[in-house]
Amino acid sequence: MQDSSTTTRGLIKEIGSLKRKIRELESSVRERGGTEVSVQEGIALRDTAPGDGGLRSGARGDAEREGAVESLRWKTALLEAQMNTSIDGILVIGENQRRLVINQRIMEMWDVPQHILDDENDEALLHYVAGLVRHPEQFLGKVNYLYDHPHETSRDEIEFKNGMVLDRYSAPVLGEDGYHYGRIWTFRDITERKRTEEALRESERKFRELAEESIVGIYVLQQDGTVRYVNSRCAEIFGYTVEEATDKLSIRDVIFSEDLPLVSTSIGRRISGELPSHHYEFRIITRNGDIRYVEVYSSYTVYEGKPAIIGTLLDISERKHAENALLASEERFRTFFNLPIVGFSITGADSRWIHFNDKLCEMLGYSRQELERTTWMRITPPEDLARERPLFEDVARGVRNIASLEKRYVRKDSSLADAFVSTQAVRNPDGSVAYFASIIQDITAQKRAEEEIIREREKLRTLSDNAPFGMVLIDRDGRFTYVNAKFTELFGYDLSDVPDGRAWFNRAYPDAEYRRMVISTWLEDFHDARPAERKPRVFTVTCRNGVKKVIEFTPSMLVSGDYLMTCEDITELRRLESQLRQVQKMESIGTLAGGIAHDFNNILTTLIGYASLIQTKMDRDNPLRSYVDQVLSASRKGADLTQNLLTFSRQQPVTLLPVDINDAIRATKPLLKRLLTEDIDLSTSLTGEDTVVMADKSQIDQILFNLVTNARDAMPDGGTLTVETDIADMDSWFIEAHGFGEPGRYVLMTVADTGEGMDDATREKIFDPFFTTKETGKGTGLGLATVYGIVKQHNGYITVYSEPGHGTVFHVYLPAAMTTACTGTDRALPVAGGNETILIAEDDEEVRHIMKEVLEEYGYTSVEAVDGQDAIEKFEVQRDIDLVILDSVMPRKNGRETFEKIRAMDPHIKVLFISGYTRDVVLDKGIKDREFDFIPKPLMLDRFLQKIREILDR
């Protein structure tokens, strides 16, 4: 660039000199002839150089002057053409900072508009160019600096917005006398050179990264064997760091002594040019003294101006060890090949036997010579070839690496031999098949045994699949390996549901305490079990649909160490046994009670009659009258007792007439209030539907009196007693879920108290005659037994829900009276489903599961919560819930507390309360009837779904 600038300055000076001479000649012509001569200048050159003077010569004639001018013009034009064809842009600025010269190259590089070229104001050109560069302030600052320092030179690079890069050089134009004529700027396009340099730098960076990250060692050696460069992998192979190896190590430090002459000779031959490149192997000694094998590719190069060797080094120690091991392996293989255990063979692509061991000859019955003359296809049954040939062709084509199959061979004696064959193709370097190596195992005896086992297994499977009891096979690790169809029919589970004992226990016994008892019993039985020993056990199992069944399990240990468990459903048997015992007990007691009542009534009749006569004959102030009054009072109590005994024994005559349960409750309500203490509130909630039943009015009253009296005694500190009515349609779903009932429509009467409640043991005995929890002398134990007897006389059902501290709820189901003949069809109203999302909060797992199944059966999406807190947490996460079903009594947070939390998150959420208690009992009076929906347990399917649809559609 410097040479170009110097040449350009020379051209400009020469052009200026020539123009001065032309002007002198022109001036001389004008003075002599009075004619003005114009010298044509270049389109981009202005003659404004200072110091122009006249050139006169009186000794020459006008013709000579004209010739001289024309010659000068020609020379000037040539010089201007030389500048315009320069590869550099040239701009000359005069001492007054006006442009003198701008060549064609600048106009091309900058694409200068014509109006700027025509403008004598050079500021326009300067600012036009400043608008093209990437950093205009820096560009203008440099120009102004050089104008302020006219004697300084400058060289820098300018980046344009379009990506072009120019090498800018600026220097002052000085005369021989040191006069400053202006400043010259030259611009060379170095865009491609910059791109090339950048590409070179990027290439060098990538090469260095490649070399440094390479898994192959790379090195450079001087002629004397000194290491000039190693990458990290090469240094690692030698056991040194890069710093420790570079310019410090020599081949004599790392080459195994026996291999050093080989390496030195190779280096010398490459340096001399005799061997340009070399690929060979040798051994090295690492820093810690290990001897390793390396493979080297090296060639001649020039490094920092001196001859050198560059190469790659690969650690092949593992390969060399493998090769040595392979030699030993081949020897072992030859020994193994001839072992008389299984047949070994090598066959050609044409299926001929090439090599085989003696075992194969023995297996097939051929001599070695006979087998060599045949092929494996010839001794294969023709019907098998169609199946086997494609497999071997796949191996030959490389579709699969190994073909393993069971096949048959025809022995020399024409019998068939079953064999398991594993074949692999061994290939030539060009990929073609050299031969097939096969292992052939005789499995003839094994196949016969398997066929016999299969036949026996099919017999056993047929028996087990059609067995009238469930069967499950358990291996030693507790995995369920087989369940028969009856097992799935009994429980609803298959192997995917209960793959092992852990899953079975969790599903079949959801109650943790009961589950622990069952597991401990099983472990005890299995621990001491002996083959063929039977230890029947009876457990209550929760089936997949939530129904509980009583199952008799009989475990048996097999000789294999596995266990066979048979399962027989005895639920109905137990229920029938319980009913039989109850019936027998009730019949015995009823017969006894009826006989006693009959005889006792005669005694009471006499006693009351005579006592009444005595009472009428005595004056009112007779001191003995009070004794007679006591006798009559006791006699009336005895009469009531006999009445209860007759009712209990079902010997009391019953007159069945249409009775409206709602009317019966309204009529007896005043009497019921008198039975209660002042601190007990009596509340009634009667359905608006028809509640007519066929019943004995007095016995319906007896049910109410006895249940209310029982509730009063359970609330010694006061409380709330609620009597409600509703309609229940018992269908197959209800009967399966609750374990009682006959299909039909029933009037449901509920009596609930907030008293002390009962535990499970007490609840199971409350209907037994003469069972009482009251103190001695305060109860006969016949109240609830009488209620039970009346309900059964009316073909009804009675259930009780109670928990200690949470009161008691009695549900009495009485068959509704039909106004028309019963057709036996299901009178339940049709129900509709939906696609909404419903959150179920219920702590009883069986109830929660049956609700979930019913909702999903009718199209809803359900989310389960095990208690109140869980329901709140799930509602916070999943806010697209349309309805929340809340059990009134739950752990952690009860129904009301959960309702308040959820309602705080979403004031418009729809909520349905359910409970075995009445809503007046379990919900505070602050929640009005219109503010919540409630449905009592037990849930009726149609009523339940209708209620949900009613709430969602509201």
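Good morning. A residue is called buried when its relative accessible area is under 20%, exposed when that area is over 50%, and partly exposed in between. Please keep those cut-offs in mind, and note that the model before us is predicted.

I shall begin with the salt bridges. A search of the whole structure finds 49 of them, and I have chosen a few for discussion.

In one of these, the side chain of Arg-155 meets that of Asp-167, with 2.9 Å from N to O. Arg-155 belongs to strand 3, residues 154–159, and Asp-167 to strand 4, residues 165–174, so this pair ties together parts that are twelve residues apart in sequence. Is Asp-167 buried or exposed? Its relative accessibility is 5%, so Asp-167 counts as buried. Arg-155, by contrast, has a relative accessibility of 46% and therefore counts as partly exposed.

The second pair is Arg-408 and Asp-384, whose closest N and O atoms are 2.9 Å apart. Here the salt bridge links distant parts of the chain, with Arg-408 in strand 13, residues 402–410, and Asp-384 in helix 15, residues 382–397, 24 residues apart. Asp-384 is buried because its relative accessibility is 9%, while Arg-408 is partly exposed because its relative accessible area is 24%.

Strand 13 also contributes to a third pair. Lys-447 and Glu-406 join their side chains in a salt bridge of 2.9 Å, N to O. Lys-447 sits in helix 16, residues 444–465, and Glu-406 in strand 13, so the two are 41 residues apart, and the pair again links distant parts of the chain. Glu-406 has a relative accessibility of 37% and so counts as partly exposed.

Salt bridges may also share partners. Which residues are joined into one network in that way? They are Glu-281, Glu-295, Arg-319, Lys-320 and Glu-323.

I turn now to strand 25 and the loop after it. Asp-753 is found in strand 25, and it is buried because its relative accessibility is 2%. Its side chain reaches the backbone nitrogen of Gly-755 at 2.8 Å. Glu-756 is placed in the loop between strand 25, residues 744–753, and helix 25, residues 760–763. On the surface, Glu-756 gathers with Glu-678, Asp-679 and Asp-717 in a patch of negative charge.

To close, I would set two acidic residues of this region side by side: Asp-753 counts as buried, whereas Glu-756 is part of a negative patch on the surface. Thank you for your attention.

Note on methods
Residues are numbered from 1 along each chain as its sequence is written. This is a predicted model: local features need pLDDT of at least 70, side-chain atom pairs count only at pLDDT 80 or more; totals for chains, interfaces and linings use all residues. Side-chain values use heavy atoms; hydrogens and water are left out. Patches are made of residues with over 30% relative accessible area and no salt bridge: like charges are joined within 9 Å, nonpolar side chains (Val, Leu, Ile, Met, Phe, Trp, Tyr) within 5 Å. Accessible areas come from the Shrake-Rupley method with a 1.4 Å probe; for residues, only the protein chains shown count as cover. A salt bridge is a side-chain nitrogen of Lys or Arg within 4 Å of a carboxyl oxygen of Asp or Glu. Lys and Arg count as positive and Asp and Glu as negative; His and the chain ends are not counted. The place of a charge is taken as NZ of Lys, CZ of Arg, CG of Asp or CD of Glu. Helices (H or I, at least four residues) and strands (E, at least two) are DSSP runs, numbered from the N terminus. Buried means under 20% relative accessible area, exposed over 50%, partly exposed in between (1.4 Å probe, protein chains only). A polar contact is a pair of N or O atoms within 3.5 Å; within protein, one must be able to donate a hydrogen and the other to accept it, and residues adjacent in sequence count only if both atoms are side-chain atoms.
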